[in-house]
Structures are given as C-alpha cells and as structure tokens.
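Me: I'd like to learn how to read a protein structure, one feature after another. Could you take me through this one?

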Amino acid sequence: MNEDLQQLALLDALIGNWDSVQIRLGDSAPALQASLAAIAGRLAAAPDADAVALILDDLLDLLEGTPAYAFVRELIVRSQVAPGRTRALGSAGAICAPPAIAEAAALVGDGSARLATAIAAQAEPCMIQLYFATNRCVASAGGARFTADPSGQLAYGLARVTIPVDRHRLGHVEQRAWWNVLGDRKDERRYVVLGDIEALSAGAFVSRLEGDPEAVNGLLVFTHGYNVRFEEAARRAAQLAFDLNFRGRVVLFSWPSCGSLLGYGADEERALLSAQTFRGFLESLAGGPWSQVHLLAHSMGNRVLLHGLAGDAWPNRKLGQVLFVAADVYVDLFRQQFPRIRDAGANYTSYASQRDRALFFSALLHRAERVGAIDGTPFTTDGLETIDATAVDTSVLGLGLGHSYFADQRSLLTDIGILVGAGLPAAQRGLAQSDRPRYWYFPR
C-alpha cells in the first residue's frame, strides 16, 4: 500500500501543478506541447510505481535545460512520503486513517482535486502540533486564550490544531460560516479547529522543540499581520504547516494585534512594540539541532520582522530565508533599514501585488508607498529578490482585498514551499524575469 500511496502522491503533485509546469516553460511551451500531452496521458494511465518512474525519467529528459526542470524535480522530491508517515495529497500533514487507494486510482485521469478528495475520503482529521510564542496577555476568562493587550514577557506553548482532511482545500482555513448559527464550530471533520493548548516555560519550549524529530529539518517562524486574533493566527499557521509541505516545524510568533478592522492605529503601535521581543525570541532559537531558521511575515507583521532584525547585533546566525509577504511597510523606511540587515547572511525575498487593495488603502491613509503594493513597477533594492504576484488572482470576479494571496493559492504556496524547502533562488523556480528594474513575476 505504501508504494501505491507514493505513486498517487507523485501523480497528484504533477497533475495538480501541470499548468504551472507549462507556464514555467515560457517560450519553449509550444514546441514541447505534443510531447507534454503524451506524457500527461501516460501518467494518468500508469499501472504501477515502476511505470511512473520510467515516465518521470522521460519527463525530466524532456525538460532538461528549461526553466521548468528544477520546478519538476522539486515537486517530485516534495511528494515523497516518509517511512512511517503519510501525507494528504495536495497538502502536508499526517493522514490518520488508511486511504481509499482503489477509488483514488480510478480517478487519476480526472485531476488532482478529485484524486485528493478520494484519498482523504476515509481520513480522520489531522492534528498539527503548533509551537508558539506570544507577547499577548493570557486571558483570565472567556473563550479566548490570549487577549490583545501587550505583555511584558513572552508566553510559550504547544497548540493542537486539527485539519479536516476530507474537506480541506489547499489554501483555505475552513471555518463555520457566519450565518450558520446552528453549526458546531468545533466540528473537526468540517473545520480547522484550535484545540488544547499546553503552556510551556521558556526552557521547556526550547527543550521540546530541540527534541522534536521534525525540527531537525529546520524551523519556519510565521508572523501574522494586522486584524488577527491569536486563534485566527494559530489556525492560519497550522494551515500553512499542512499545505506548504515544509519538512521542518512551523512556529507561530503572535504579537498583540487587536483583531479589529478599527484597530489599525493601535496595531501599528503594538507591532513596533513587539519588534524587540521578536528579536529576543529569535535569539532563543540560535541553538538547537536545526540547521536553519526561516522567517515569513505577512502584512503589518513585516514591521515586527524588519525592526526586530535591524538591531545592533544579528540575532541568529542560522537564519536562512527571510520572506516579506504583502509588506505593509513604508518604502522609504524599508530603504533606510534594509541595508542594516542585507549582508548579515540571510536570503531576502519580497512578494508584492498590484491587486492588493488592503495595501492600496494603507498607502492612501499614510500618503506613502508600501513595499508590498505595486503602482507601476514593484519596489526593488539590492540584496532583495522581489516577486510580482499580481497574476495570482485569489478573488472571485475581482472582488475581495487580495491581501492573503500568499496562503490562498497553490502557485504561491508551491513557490514558497520550494523557496524555504530547497533554498532555490527565483531564477531556478521557473519564474519570469524583468530586467528594468530587475524583479521576478508569475507569468499571466
């Protein structure tokens, strides 16, 4: 059954990203179209794992020398199912019950969405262990675990979040609709649910993380943005851990956002207040068995990240990839602070979009350009790989704020997963390049 599952995982990874493969071929696509179509047909009809292996060899031979070659190789590597551990196809997380192999095999030709649904049809909700640190005050009563009030010290813990494997769609945080007052919001088979939280001391937190076998593969510290409560941040971090296929541990740093649309001004002050606390947290991760610590910040969380790093001394020599996603940061401030961290040894990437309406309103409010917004051409600077994600449309009929694209779309999740998982630069991830100014973009 393990070989069958591995075969299906490979098929799902390739078929689910087939459009991305062709996009990355660029000008080579028309010439290879017939050969690619033939290989796609052979994959869909592959009778066993040996046949899939031969087809993969043919595919890699065909793509060698093209921008899609490294992308496909990484897809194959990331689809590997580790011994003793199974993964939900199209996602990264343990499946807790045997998959419906026979049913799934019959659906291969119908695409990865139905394939993943069939495989997960009999799966139990998957439990994600989420390590976290927060400078929020602990709630004394009510349903919330932490408040929006800043605390003078960090609280550490281990949260258990369940993902509804049989209903989960990549890029989504399933939750009860606002109008469904009769539905059980803690139904683990339907929604992403934050369950028990185990409080840990600072020493116990580091010890548990050091003893975690997956942490050896690296850490990815996620810092959320404005208007986010702790519970929402934990569910989003668990979804990223599940969908990114990151082989290490995702760790949440939650600063005391008010979790309110009207709390923008208060959140700005809380973000700046949290920068030094964040810096101290990174210093506590400087040891341990992990080879690298990657950082991913979204929206206003980039202010926590930028100011936390731009101190007098570098907080952690293990920092690898640093991702500024949809950064709600004043361009001139970033231009002033970034040279202080540029040559410290990490690799820096910024994702921006012309469709990000939230940052459009922020720019109007502050009368100042934002790093994650594009008005004409993206913000670029030496030492920063800028990615234009405008072509990734996450809204329906062009509606919505277009601000959470980093975690909503397969193409972005795949790109981020390859970046933090393999450390490949944009030139090797199949993105298109613009030279004046120099930045990278997802082809339309």
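Me: Let's start with the nonpolar core. How many residues does the largest one have, and which have the most contacts inside it?

Reply: The general idea: in soluble globular proteins, nonpolar side chains tend to be buried together. A nonpolar core here is a set of buried Ala, Val, Leu, Ile, Met, Phe, Trp, Tyr and Cys residues joined through side-chain atoms within 4.5 Å. Buried means under 20% relative accessible area, exposed means over 50%, and partly exposed is in between (1.4 Å probe, protein chains only). In this structure the largest core has 50 residues, and Leu252, Leu296, Leu323, Tyr351, Phe406 and Phe442 have the most contacts inside it.

Me: Before we go on, where do these values come from?

Reply: This is a predicted model, where local features need pLDDT of at least 70 and side-chain atom pairs count only at pLDDT 80 or more, while totals for chains, interfaces and linings use all residues. Residues are numbered from 1 along each chain as its sequence is written, and side-chain values use heavy atoms, with hydrogens and water left out.

Me: Okay, back to that core. Which element gives the most to it?

Reply: That's α9, with eight residues. The elements giving two or more residues include β1 (126-138), β4 (219-223), α9 (230-243) and β7 (319-325). Helices (H or I, at least four residues) and strands (E, at least two) are DSSP runs, numbered from the N terminus. There's also a second, separate core of 47 residues, with Tyr156, Ala215, Val293 and Ala310 among them.

Me: What is Leu296 in contact with?

Reply: Contact means heavy atoms within 4.5 Å. If you skip neighbours within four places in sequence, Leu296 touches Leu220, Val221, Phe222, Thr223, Leu323, Val325, Phe406 and Ile416.

Me: And what about the chain as a whole?

Reply: It has 15 helices and eleven strands. Of its 444 residues, 54% are buried. Take the contacts between residues at least 6 apart in sequence: 76% of them join residues at least 24 apart. The chain exposes about 19000 Å², with carbon and sulfur atoms supplying 50% of that. Accessible areas like this come from the Shrake-Rupley method with a 1.4 Å probe, and for residues only the protein chains shown count as cover.

Me: Can I see that idea of long-range contact in one residue?

Reply: Try Ile163, in strand β2 (residues 146-163). Ile163 counts as buried because its relative accessibility is 0%. Its C-alpha is 9.0 Å from that of Arg235, though the two are 72 residues apart in sequence. Beyond its neighbours within four places, Ile163 has contacts that include Pro125, Glu188, Ala238 and Phe242.

Me: Why is helix α11 described as largely enclosed?

Reply: Because eight of the nine residues of α11 (residues 301-309) are buried, the rest of the structure largely encloses this helix. Among those buried are Asn302, Arg303, Val304 and Leu309.

Me: How do I describe two packed helices?

Reply: Two packed helices are described by the angle between their axes and the distance between the axes. Here, α5 (residues 68-78) and α15 (residues 410-422) pack at about 80°, with axes 11 Å apart. That makes α5 roughly perpendicular to α15. Axes are lines fitted to C-alpha atoms, for helices over the stretch in contact, and angles run from 0 to 180 degrees between N-to-C directions. Under 35 degrees counts as roughly parallel, over 145 as roughly antiparallel, 65 to 115 as roughly perpendicular and the rest as oblique. Phe71, Glu74, Leu75 and Arg78 of α5 meet Thr414, Gly417, Ile418 and Ala422 of α15.

Me: Last one: what counts as unusual in the backbone?

Reply: Most residues other than glycine have a negative phi, and most peptide bonds are trans. Asn227, in the loop between β4 and α9, has a positive phi of about 60°. With 24% relative accessibility, Asn227 counts as partly exposed. Ser299 also has a positive phi, near 55°, but Ser299 is buried, at 4%. As for peptide bonds, the one from Arg436 to Pro437 is cis, with omega near -10°. Pro437 sits in the loop between β10 (432-435) and β11 (438-441).
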